[in-house]
Amino acid sequence: MSLQFSDEQFQEAWKELDDPQVEGWELFTETMGVKIYRQHNKETGLYEYKVFGVLPSCGPELCTEVYMDLAYRKKWDGYVKELYEKDCDGQTAIYWEVKYPFPLSNRDYVYVRERRELEPDGRKIWVVLAQSSSVSQCPEKSGVLRVQDYKQCVAMESDKASGTKMFMNYFDNPGGMIPTWLINWAAKTGVPGFIADLQKACKNYPEYCRTCQK
């Protein structure tokens, strides 16, 4: 089974690097050179997010490799409990369990993703798309809530220096009875925290790769 992403979805993602589509979105927070916008989803009562910014010390190719490396993600992301690829219904899906603070239940995701390296007008842009998938070989666990509605897209290119210009679009519905204030707090602190962790992970990736080859 092929992945469910169209050429148009990849085009829409990278074009936001040049022309951010934020009409109807509110500026939620700005920190560390990163702007986070949000838009209210009337069906769920939750927010969808767009993130624009620069990672100053990590090039886009390295950043994409780190972003895609699931084994390495388990080393640097403290919220990961389980994360691995699995062949499900003829396609490669990713299983991801995320630690939630007590007394909340952990959440898990089953999703598919695709990476493409695009070269519009001689530029080099890396785009990764991901969305939730309901494959049958990844049954739900007792005590863990399955996130049924999840999507993420990331577009990255060089900032013309030693860093990465980045766009991210993100939505997930964690389900359960999580207070809105907690979801908003997690978005406001979690995204900048993730970006800081990602930059540190990029810096340490060459050493991690060397260790794995020994």
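**Exercise 1. Charges on the chain**

How many positive and negative side chains does the chain have, and how far apart are the centres of the two sets?

*Solution.* Start with the counting rule: Lys and Arg are positive, Asp and Glu are negative, and His and the chain ends stay out of the count. Next, pin each charge to an atom: NZ of Lys, CZ of Arg, CG of Asp or CD of Glu. Counting this way gives 27 positive and 32 negative side chains, with the two centres 6 Å apart.

Before you go on: this is a predicted model, where local features need pLDDT of at least 70, side-chain atom pairs count only at pLDDT 80 or more, and totals for chains, interfaces and linings use all residues. Residues are numbered from 1 along each chain as its sequence is written, and side-chain values use heavy atoms, with hydrogens and water left out.

**Exercise 2. The overall fold**

What pattern of helices and strands does the chain follow, and why does its radius of gyration agree with a compact globule?

*Solution.* First, the elements: helices (H or I, at least four residues) and strands (E, at least two) are DSSP runs, numbered from the N terminus. The chain has four helices and 10 strands, in the order α-β-β-β-α-α-β-β-β-β-β-β-β-α.

Now the radius of gyration, which is taken over C-alpha atoms; the globule rule is 2.2 Å times the number of residues to the power 0.38. For 214 residues, a compact globule would come out near 17 Å, and the chain has 17 Å, so the two agree. The C-alpha trace spans about 50 × 50 × 35 Å along its principal axes.

Then look at the surface, using the Shrake-Rupley method with a 1.4 Å probe, where only the protein chains shown count as cover for residues. The accessible surface is about 11,700 Å², and carbon and sulfur atoms own 50% of that. As for burial (buried is under 20% relative accessible area, exposed over 50%, partly exposed in between, with a 1.4 Å probe and protein chains only), 46% of the 214 residues count as buried.

**Exercise 3. Strand E3 and its partners**

Which strands are joined to E3 by seven bridges, and which residues pair with tyrosine 49?

*Solution.* Two strands pair if DSSP finds at least two bridges between them. On one side of the bookkeeping, E2 (residues 34-40) runs antiparallel to E3 with seven bridges, and arginine 38 stands opposite tyrosine 49. E10 (residues 164-172) also joins E3 through seven bridges, again antiparallel, and there tyrosine 49 has tyrosine 170 as its bridge partner. E3 itself (residues 47-55) is mostly covered, with eight of its nine residues buried.

Follow E2 to its other pairing: E1 (residues 26-31) is antiparallel to E2 over five bridges, and glutamate 30 has lysine 35 as its bridge partner.

**Exercise 4. Two buried residues**

Are arginine 107 and asparagine 169 buried or exposed, and which residues do they touch?

*Solution.* Take arginine 107, in E6 (residues 107-118). Its relative accessible area is 2%, so arginine 107 is buried. Contact means heavy atoms within 4.5 Å. Not counting residues up to four places away in sequence, arginine 107 touches residues including Trp96, Tyr100, Val144 and Ile178.

Now asparagine 169, in E10. At 11% relative accessible area, asparagine 169 is buried. Setting aside neighbours within four places in sequence, its contacts include Trp25, Tyr49 and Cys153. Asparagine 169 and alanine 155 are 14 residues apart in sequence and 9.1 Å apart in space, C-alpha to C-alpha.

**Exercise 5. Backbone oddities**

Where are the residues with a positive phi although they are not a glycine, and which two residues share a cis peptide bond?

*Solution.* Here's the background: most residues other than glycine have a negative phi, and most peptide bonds are trans.

- Aspartate 121 has a positive phi of about 55°; this residue lies in the loop between E6 and E7 (125-132) and is exposed at 77% relative accessibility.
- Lysine 160 has a positive phi of about 75°; look for this one in the loop between E9 (150-158) and E10, exposed at 74% relative accessibility.
- Methionine 32 takes a positive phi near 55° in the hairpin of E1 and E2, with two residues between the strands.
- The cis bond joins phenylalanine 102 and proline 103, with omega about 5°; proline 103 is in the loop between E5 (91-98) and E6.
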